[in-house]
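The exercises that follow ask for a few quantities to be read from a single chain, and each is worked through in steps. Please look over the sequence and the model before starting.

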Amino acid sequence: MASHGLTYEGCNFLRQRLVLSALSGKRVKIKNIRSKDDEPGLRDFEANFIRLLDKLTNGSTIEINQTGTVLVYQPGLLYGGTVEHDCNPQRSIGYYLEALLMLGPFMKSPLKATLRGVTNDLTDPTVDLLKSTALPVMKKFGIDGEGFDIKVRTSWYSRGMAPGGGGEVVFTCPVRKTVRPVQLTDPGKIKRIRGVAYSVRVSPQMGNRIVESARGILNQFLPDIYIYTDHMKGANSGKSPGFGLTLVAETLNGYFLSAEMLSTPQGQGDPILPEDLGRNCAKLLLEEIYRGGCVDSSNQSLALLLMTLGQQDVSKVLLGPLSPYTIEFLRHIRDFFQIMFKIEVQKPLEDERKGGDKVLMTCVGVGYSNISKTLK
């Protein structure tokens, strides 16, 4: 299987397969991509993502048949460097940025990627969320240093709501040859909550209304809450109106759990009141805290990948209930790296309110023991 590559069917988890193919160096063939749909083949945003991968690598071979229902990807060298890319407005920049977070530390040259498009939509994690939660997870694994950032709220950044987009984000990441082993098993209690209520091309009062309604719920549990408002105007406000809220809870041991919610895009569905959005987002954060773990549900796959590319039988991470996306990611790690995880389920104590079941993940199995072997 290793010599001939891997073969999959269908369009599900296309991004996972291409990212792991680039990291492992294994050829992947994906067939029957929406073969029974009225519009068969790759969507525009998927083809756009493949073009971004091609910019990041040197020597990659990409073959797509005439109908777009068969894709063959032979990865080349992860080169990195300076990249500019216009993202497809069907998906937000977060869709592309999640892949760059996985690939960035293992490039040949430090990565500086400028992405333009939709920064906030209902489908993918927003730039605010990834900056607040994904970067701290990577720093736990030793991926840190000068030049590791997602530029937000500077002259380099502009917000672009769906569907028009018009935003711009700069992601810089240093190169790391090794990944630090971690023992992330005790999240600790929540000590503070931070957040940002943003609004573009609408009244600045929208942000204040969101903050007031969110605090109405969260202040019942914790006094240390600060949610600031971010109102964009002029050239930095993108092409479409909208507003939203991103909340991040920090634990005593330095872990971050997050939730976010956005207004309905212009011309799509029923509008939502800022008060309802603030209350619902606060409830989503409380649900994420109830799920628990040292990594929130949106970054589970990132933490598991970094464990895979480090030393086996060393790293342990406590997670909340695994999301369907993470479960499929574990199957793909087994296919591409021949590595499996030991999973221990931790039941909550009867006399304490500890939330739902937790899972303790330990990376075990044969295959690649460190990143230098992985990138050979």
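**Exercise 1.** State how much area the chain exposes and what share of it carbon and sulfur atoms supply.

Solution. The accessible area, from the Shrake-Rupley method with a 1.4 Å probe, comes to about 16,700 Å² for the chain, and 49% of this is supplied by carbon and sulfur atoms. The model is a predicted one, in which local features need pLDDT of at least 70 and side-chain atom pairs count only at pLDDT 80 or more, while totals for chains, interfaces and linings use all residues. Residues are numbered from 1 along each chain as its sequence is written, and side-chain values use heavy atoms, with hydrogens and water left out.

**Exercise 2.** Describe the overall build of the chain, beginning with how many helices and strands there are.

Solution. Taking DSSP runs numbered from the N terminus, with helices as H or I of at least four residues and strands as E of at least two, the chain has nine helices and 18 strands. The radius of gyration (over C-alpha atoms) is 21 Å, close to the 21 Å that the globule rule, 2.2 Å times the number of residues to the power 0.38, gives for 376 residues, so the chain is as compact as a globular protein of that length. The C-alpha trace spans about 60 × 50 × 45 Å along its principal axes. Of the 376 residues, 53% count as buried, where buried means under 20% relative accessible area, exposed over 50%, and partly exposed in between (1.4 Å probe, protein chains only).

**Exercise 3.** Determine how strand 10 is covered and in which sense strand 8 pairs with it.

Solution. Strand 10 (167-173) is mostly covered, since six of its seven residues are buried. Strand 8 (residues 109-117) pairs with strand 10 in the antiparallel sense over seven bridges, pairing being assigned if DSSP finds at least two bridges between two strands. Within this pair, Leu115 stands opposite Val169 in strand 10. In the loop between strand 9 (149-151) and strand 10 lies Pro163, which a cis peptide bond, with omega about 0 degrees, joins to Ala162.

**Exercise 4.** Asn32 and Arg34 have positive phi values; find where they lie and whether each is buried or partly exposed.

Solution. Asn32 lies in the loop between strand 2 (28-31) and helix 2 (44-56), and Arg34 is likewise placed in the loop between strand 2 and helix 2. Phi is near 55 degrees for Asn32 and near 50 degrees for Arg34. Asn32 has 37% relative accessibility and therefore counts as partly exposed, whereas Arg34, with a relative accessible area of 15%, is buried.
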